[in-house]
Amino acid sequence: MFPYEVVSKFTETELHLYRYIMDNPEKVMYMRVRELANETHVSAASIVRFTRKLGYDGFSEFKVQLKQASKEKGKKTADTIEVLEEFFERTLRRDYDEILDKAVDVIDDAQLVVFVGIGTSGILAEYGSRFFSNLQKRTFYIKDPFYPNAAQQFDNAVMVILSVSGETPQVIIQAQNMKQYGSKIISITNSSKNTLAGLSDINIPYYVTQEMIHETNITTQIPVLFLLEAMAKKTYNRHQI
């Protein structure tokens, strides 16, 4: 509700309003504009300008969003065990072995596996790189969204891209560059209906309930760990007698 770039440009009056609202959200959401004006010693016109500066049509719309934010604040997260039970039940019913074998075919032929992700997916990219390295596969990971064109730097490489939504612009740019230079792409996303999945040679969706806390994606990433480890072990086991 209060983007940093907007708050940083607040006047003294607007900062006074902002502090009052942050200290009394439960009270403000049921106030009329005149009541807030009297309480804060700010004119009603200033309050309306304040809400419009935040991108709302007026004080009424602002209060609706304030109530919604309050509901989100008290909202509980999904039970992780239930989410995982749902995932593994689907995994047993779907042809995951077949799609993992196709991914391993691509990985096995490559001299280098480049893992890519941003944010939480970037941490998992690092984990995937290390896990594959532990099983004697040459790897590299990228979690910097502005990393220069990886496709130009690595010969005979396959890129494993991790993204919950499959719509992160910087990740899609990396995928496009990889395709341009003839490298293969394996993506792991939460569904198969997204831009990254469409750009990939192989897409492995895991289909779990997406969760957001305010604007932060907290969808469980345990299925991604499972899929990374499954691919790594399948790749390693192919060369064991």
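In this predicted model, the loop between helix 4 (33–40) and helix 5 (44–53) is where H41 lies. The backbone of H41 is notable for a positive phi of about 60 degrees, although H41 is not a glycine. Because its relative accessibility is 73%, above the 50% cut-off, H41 counts as exposed.

From this single residue one may step back to the protein as a whole. The protein holds 13 helices and 7 strands, and of its 241 residues 43% are buried. Among the contacts with a separation of 6 or more, 66% are accounted for by residues 24 or more positions apart.

The strands offer a convenient route through the interior, and strand 3 (157–162) is a good place to begin. How many of the residues of strand 3 are buried? The count is 6 of 6, so strand 3 is mostly covered, buried here meaning under 20% relative accessible area. In a regular strand the side chains alternate between the two faces of the sheet. In strand 3 both faces are covered, with A157, M159 and I161 buried on one side and V158, V160 and L162 buried on the other.

Strand 3 has pairing partners that can be followed bridge by bridge. Strand 1 (112–116) runs parallel to strand 3 and is joined to it by 5 bridges, and within this pair V113 has V158 as its bridge partner in strand 3. Strand 4 (184–189) also pairs with strand 3 in the parallel sense, again over 5 bridges, and here the bridge partner of V160 is I186 in strand 4. Continuing from strand 4, one reaches strand 5 (residues 202–205), which pairs with strand 4 in the parallel sense over 4 bridges; S187 has N203 of strand 5 as its bridge partner. Strand 5, too, is covered on both faces, since I202 and I204 on one side and N203 and P205 on the other are all buried.

Helix 9 packs against several of these elements. Spanning residues 120–134, helix 9 has 15 residues and reaches 21 Å from its first C-alpha to its last, close to the 21 Å expected at 1.5 Å a residue. Its buried residues are S121, G122, L124, A125, G128, S129, F131 and F132. An α-helix has 3.6 residues a turn, so residues three or four places apart point the same way. The buried residues of helix 9 pack against helix 8 (96–109), strand 1, strand 2 (139–142), strand 3 and helix 13 (222–237).

Helix 9 is followed by Q136, which is placed in the loop between helix 9 and strand 2. Phi of Q136 is near 70 degrees, a positive value in a residue other than glycine. Is Q136 buried or exposed? With a relative accessible area of 68%, which is over the 50% cut-off, Q136 is exposed.

Helix 11 (169–180) can be read in the same manner. Its 12 residues should span 16 Å at 1.5 Å a residue, and because the end C-alpha atoms are 16 Å apart, the span agrees with that expectation. The buried residues in helix 11 are V171, I172, Q174, A175, N177 and M178. Just after helix 11, G182 takes a positive phi of about 80 degrees. S183 lies in the loop between helix 11 and strand 4, and it counts as buried because its relative accessibility is 9%, under the 20% cut-off. Leaving aside residues up to four places away in sequence, S183 touches A157, M178 and D201. Of these contacts, A157 is one of the buried residues of strand 3, while M178 is one of the buried residues of helix 11.

The remaining topic is the empty space in the model. A search of the whole structure finds 1 cavity of 30 Å³ or more, and about 40 Å³ of space lies in the largest cavity. Which residues line the largest cavity? They are V116, G117, I118, I142, K143, D144, P145, V171 and Q174, and by class this lining has 5 nonpolar, 2 polar and 2 charged residues. Both V171 and Q174 are buried residues of helix 11.

The second largest pocket holds about 220 Å³ of space. Among the 14 residues that line this pocket, I118, T120, S121, V164 and N217 are the closest to its centre. I118 also belongs to the lining of the largest cavity, and S121 is one of the buried residues of helix 9. By class, the lining of the second largest pocket has 5 nonpolar, 9 polar and no charged residues.

Key
Residues are numbered from 1 along each chain as its sequence is written. Side-chain values use heavy atoms; hydrogens and water are left out. On a 1 Å grid over the protein atoms alone, a cavity is a set of points where a 1.4 Å probe fits but cannot get out, and a pocket is an open set with protein on both sides within 12 Å along at least five of seven lines; lining residues have an atom within 4 Å of a point. Grid points are joined across faces, edges and corners, and a volume is the space filled by probe spheres set on the points. Ala, Val, Leu, Ile, Met, Phe, Trp, Tyr, Cys and Pro count as nonpolar, Asp, Glu, Lys and Arg as charged, and the others, Gly among them, as polar. Helices (H or I, at least four residues) and strands (E, at least two) are DSSP runs, numbered from the N terminus. Buried means under 20% relative accessible area, exposed over 50%, partly exposed in between (1.4 Å probe, protein chains only). Contact means heavy atoms within 4.5 Å. The expected span of a helix is 1.5 Å times one less than its number of residues. Two strands pair if DSSP finds at least two bridges between them.
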